Amino acid sequence: MTTMAAPSAYPLGNRLERSPGWWAMIWIIATEASLFGFLLFSYFYVASQARGAWPPGGPLELRLALPNTILLIVSSLTMWWAERGIARGSRMRLRIGLLVTFVLGAIFVIVQGIEWSHKSFGPRDDVFGALFFTITGFHGLHVIVGLLLNLAVQVWAWMGSFTEDRHLAVTNAAMYWHFVDVVWLAVFTSLYLSPRWA
Amino acid sequence: MGQMGQGHPASTLAMHGVTGASQARLGWYLLVVSLVVVVVVCLLLGASAWRARRRRAAAEERELVHPGGSGLAWVMVGGIIVPAIVLTATFVFTVATLHANAAPWRPPAATIRVVGHQWWWEVHYVGGSPAAEVVTANEIHVPVGEPVRLVLSSDDVIHSFWVPEIAGKMDLIPGKTNETWIAARDTGAYEGECGEYCGVQHSHMHLRLIAEPPDRFAAWLAAQRRPAATGTAPSAGAQAFFSAGCASCHTIRGTRAGGRVGPDLTHLMSRRTIAGGTLENTRGNLAAWVTDAQGLKPGARMPTLAVQPDQFQQLLGYLETLR
Amino acid sequence: MAVVPATIETAPVERLRRIWETPPGLRGTLTTVDHKTIGKRYLVTAFIFLLVGGVEASIMRAQLAHSGLRLVSPGVYDQLFTLHGITMIFWYAAPILSGFSNYIWPLLMGSRDMAYPRVNALSYWTFLASGIFLYTSPFLGQAPNAGWFAYPPFTLTTYDPGLNMDFYALGLLFLTVSTTVGAINFIGTVTKMRAPGMSVNRMPIFMYGTMTTSFSVLFALPSLSVACVFLFLERRFGFPFFDPANGGQPLLWQHLFWILGHPWVYIVVLPAMGIVSEVIPVFSRRPLVAHSLVALSTVATGIIGFGVWVHHMFATGLPALSMSFFSGASVLITIPSGIAVFAWIATMWTGRPRFQTPMLFATGFIALFVIGGVSGVVTAAVPYDLQVTDTYFVVAHLHYVLIGINLFGVLTGFYYWFPKITGRMLDERLGKWNFWVAFIGFNIGFFPMHIAGVLGMPRRIYTYPAGMGWDTINLITTIGSYIFAIGILLFVVNVIVSLRRGAPAGPNPWDAGTLEWATPSPPPPYNFAVIPTVRSSYPLWEDRLPPSGETARGEERSSVFRGPVLDDKRETLGTSPLEADTMSVLRMPEDSPWPFLLTVALALVFYGAVFGVWWLAIAGAAGVLATLAGWFWPRSLEGGAVA
């Protein structure tokens, strides 16, 4: 019997990269991505069946949405900077990075709210309005969830819970935040840009 | 009731329609192949059990079998090669049938617009002008041997147009217009049903398709085109019709009754059924339907009417003049 | 972390038991994360849903026994068939398989728990709570009433104004929480928790089945979620997704529904096929024929299953090209099933089958599988599907799938693993009666439905006129389905009797070859005293089978009763996804109140939403955030693990 050919000591695996917790976030992101996939499928299906102009009031304005998109991309960069920071052992970089990301994300939500309140159509007016508000609303909810994750991780960061090699929660929050940003690019491209190409 | 004498008036394997017959041929093929597959597999299962019985004595109960003959040949032949051949044939047959049924062999002899309602069928014969358009309900006449174009839509929920002995289903979808064609090969009256669940009285949403020689069809169409054969002086029956409120839902062309909620009654008595194709059009049934629609078809849009007995006889008498 | 090798004789089992055991009492009941307890709860709860759905069915069969009967009103009948459908499809068929997977998986893969034990508990609690939520509706007289696929615009408030379809939309969304986190748990488990050496080519087919369905859930279930969110928003707030008057598209629902709906068929059959793939080799006394091919077919079925949804929509007026494509895909998906069937038959043919009850059920399963499969091909052929769609032919087909391929597989699993779960054998004589009564009753009841469909009987009609030629068929169907119901009751009787008086099972009553039979029956809280190492698909048979493959090349052999102990805290080994090489020691979480509390908070959200009591829903949402914060609050690793 040579069962014990393997080494007699293994690392504790819970907080490593590729740990069960890390995989859980990957699969959550996968199913959430699929959710947005079906939302956008619905949008394009209805668009393909629409009679008359799509969107009914012409392409959506980019005045607020475009700067907001850039804001969100920047927030991904700051999140990345924060996570790299703790990976190199800098708790201060983590705290600052998370804080800046949070502020940028919060501004995104506020701007989105302003854009909503200025729309000339509502979610009950027609199917385009219903789709627009539901899809951007779903995304907005995900941004808020990302901000709450950020908030939780920030509290733990100030408590000093994370170290150079133990910061899975940061990694997961960062992955989720990047996911939310990538989804926004898909939503933005579909709702704001694609009608301009037709 | 036409084909009812045969005992299976809604058989999908009947050959009375052109598209239906090609569907039925495919159906027979599928059912026979299915049955053969099932029988073969059951025989194999039985045979392996029987073999086990014979080998049992030879071997210790718990002993394992040497997996030398890996059995891979079984999987290759039974699980891949044979199914691939049968399924390819099935797919070719399917596509060929689809192709054959895609369009009629000659221009349709008539265009019929069918609008689905909870729980009856509104039928329009599209003519050259709006005036030439015929409106009826729950009964469709077609010339035998001729393709007829069907234009299908719905006024409320999704229904599905289905006369099993003539052709498969096509859905009636609100906000969408579906087109298909049918052609009856034999004269007769065929049972039709709603093929998509559409509410509490989905069970009672039937129609009758009547295939008749072209000259009789033309005569029927001409008769339907005429307004109601009522006299100019409003009879007591007609007054009963209006005072009971029937006109708010029903149309009788040639009178001021113009309701659009229920079926057009202009030639009510020319139809073989009432109540969404579910009752024979007899005086007794008509009386029952007028006085107890909710008892016969709970949930139907037709209210149970409270009509005075004397008025009621006049009303019935009036309805019977709508030939 | 040091890993001390031991044998099952020298392992400190008392210490392991103290570490892993859940204390008795209410607290333990609500906080346990033991996969075996959760698995048993899943099995019992889902089986109760089966019985409830069966009662609904038997009322319908009484109503349809003869033309023109009026036992129940049309409105009640509509609620019965809808509730029956969604109960069986969503609250019985998939959860019962999750029950088996939850109980058996860690044992089958030589692990001490699932990857996310607390998520596992959450999955069960939300399953239970969503079922209670759904079954609130019949007590209000407002059960869902538009068929399990709920096509708008009928389901909009114009035509269906009660709370019926709100319960439908929100109930399914609630269940989605359970199904999704359950799927993540299964995927996490299969990628991280397999015993060292259980590489993908040695993984039992049952694990392939549940793994494939979990991926299908992850990628397809959001489609139903989107549909249900749309439906609820339209019903409650007037967002016109489906109403054509404002540009909405009724067919959007059908696409979204069937993109999930069809993969769901495979979700409820692939693990059952997996169970049968475990049982047939054991009773044929040889390894499964073409193990790798069957594994590949399982995965292939899951993948092709995403490309066939339109075959539910052939009558909606689609372009001919699209119909040919989806017809082709639907025909193609038969090939992997054919491979599985002939792998089973070849295993029996080249083996020496013994027909004890599990094997009887498995054999019956194969026969019913083939019937349900070929009738599926019939509906894949577009032109004839236009005839039989929405008729009793489809009702027959889907019952051969759901009863034949799901329930018979489930009963196979019960007879096979009951000794492992309870330590007692199910009664063999009662079991044979159970099988024959259920099998014969089922075929008497459901085979004639094919004929009813061919003779043009639509589904979802509460009555039918005389003279259609359907009376005799329906009477036979009613009688047969009652015989079938007696068969199911015999199973219940057998379970009750055997729980008290069944013969003691011992660790391996069937002399099976897989790891779950290496533990005592029932297994101790820690499952395995030592973590086994695996070098073949049937580790317990290795010494008695001639060497083949890797073992023939002189590689190591499995070590089932000697291995690392891991007794610092709740611990097991983490391995790599493909080769299952040991990578780390995993600390598993202690029992936790958070899954239960999170479920309570979620229930407040859903009840608040369905009744329009928004303060309740908002309070529930706050509760969700609070419980999540409690759940994920960082702890030192000495106290327990994150996630």
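**Entry 1: C:Gln79**

I call a residue buried when its relative accessible area is under 20%. I looked up C:Gln79 with that cut-off in hand, and because its relative accessibility is 18%, C:Gln79 counts as buried. I keep in mind throughout that this is a predicted model.

I placed C:Gln79 in helix α4 of chain C, which covers residues 74-108. I then listed what C:Gln79 touches, leaving out residues up to four places away in sequence, and found C:Gly141, C:Gln142, C:Ala143, C:Pro144, C:Asn145 and C:Asn164. For one of these, C:Asn145, I noted a separation of 66 residues in sequence from C:Gln79, while the C-alpha atoms of the two are 4.3 Å apart in space. I also noted that the side chain of C:Gln79 reaches the backbone nitrogen of C:Ala143 at 3.2 Å.

**Entry 2: C:Ala529**

I turned next to C:Ala529, which is found in the loop between α16 (471-501) and α17 (549-552) of chain C. Is C:Ala529 buried or exposed? I recorded a relative accessible area of 10%, so C:Ala529 is buried. Its contacts, again not counting residues up to four places away in sequence, are C:Ile8, C:Ala11, C:Val13, C:Leu16, C:Arg112, C:Pro564 and C:Val565. I also checked C:Ala529 against C:Pro138, and these two are 391 residues apart in sequence and 48 Å apart in space, C-alpha to C-alpha.

**Entry 3: Nonpolar cores**

I looked up the largest nonpolar core, which holds 330 residues, and within it B:Phe161, C:Phe90, C:Trp344, C:Phe365 and C:Phe408 touch the most other members. The element that gives the most to this core is α8(C), with 22 residues. I followed C:Phe408 further and found that, residues up to four places away in sequence not counted, its contacts include C:Phe361, C:Phe365, C:Phe435, C:Phe439, C:Phe442 and C:Phe484. Apart from the largest core lies another one, of 29 residues, and among them are B:Ala240, B:Leu265, B:Leu286 and B:Met302.

**Entry 4: Where chain B meets chain C**

I counted 90 residues from chain B and 89 residues from chain C in this contact. The area buried between chain B and chain C is about 7500 Å², and carbon and sulfur atoms give 69% of that area. I found zero salt bridges across this interface, but 22 residue pairs are in polar contact, both residues being at pLDDT 80 or more. On the side of chain B that touches chain C, the elements that give two or more residues are α1 (18-56), α2 (72-100), β7 (167-172), β9 (188-194) and α5 (283-296) of chain B. Among the elements of this side, α1(B) gives the most, with 20 residues. I sorted the residues of this side of chain B into 45 nonpolar, 30 polar and 15 charged.

**Entry 5: Where chain C meets chain A**

Here I found 58 residues of chain C in contact with 44 residues of chain A. Chain C and chain A bury about 4500 Å² between them, with 72% of it on carbon and sulfur atoms. Salt bridges across the interface of chain C and chain A come to zero, while seven residue pairs are in polar contact, both at pLDDT 80 or more. Several elements give two or more residues to the side of chain C that touches chain A, including α6 (164-192), α7 (205-237) and α8 (250-284) of chain C. Which element gives the most to this side of chain C? I noted α7(C), with 12 residues. The residues of this side divide into 38 nonpolar, 15 polar and five charged.

**Entry 6: Salt bridges**

Over all chains I counted 21 salt bridges. I looked up B:Arg113 and B:Glu133, which form a salt bridge with their closest N and O atoms 4.0 Å apart. B:Arg113 lies in strand β1 (residues 110-117) of chain B, and B:Glu133 lies in the loop between β2 (120-125) and β3 (134-137), 20 residues apart. I noted that B:Arg113 is partly exposed at 30% relative accessibility, and that B:Glu133 is partly exposed at 23%.

In chain C, the side chains of C:Arg236 and C:Asp166 meet in a salt bridge at 3.4 Å, N to O. Because C:Arg236 lies in helix α7 and C:Asp166 in helix α6 of chain C, this pair ties together parts that are 70 residues apart in sequence. C:Arg236 is partly exposed, with a relative accessible area of 26%, whereas C:Asp166 is buried, with 3%. I closed by noting that C:Asp166, C:Arg235 and C:Arg236 are linked in a network of salt bridges.

Technical notes: Residues are numbered from 1 along each chain as its sequence is written. Chains are lettered from A and ligands numbered from 1 in the order in which they are written. Side-chain values use heavy atoms; hydrogens and water are left out. Contact means heavy atoms within 4.5 Å. Buried area is the accessible area (1.4 Å probe) that two parts lose on being put together, summed over both. A polar contact is a pair of N or O atoms within 3.5 Å; within protein, one must be able to donate a hydrogen and the other to accept it, and residues adjacent in sequence count only if both atoms are side-chain atoms. Helices (H or I, at least four residues) and strands (E, at least two) are DSSP runs, numbered from the N terminus. Ala, Val, Leu, Ile, Met, Phe, Trp, Tyr, Cys and Pro count as nonpolar, Asp, Glu, Lys and Arg as charged, and the others, Gly among them, as polar. A nonpolar core is a set of buried Ala, Val, Leu, Ile, Met, Phe, Trp, Tyr and Cys residues joined through side-chain atoms within 4.5 Å. Buried means under 20% relative accessible area, exposed over 50%, partly exposed in between (1.4 Å probe, protein chains only).
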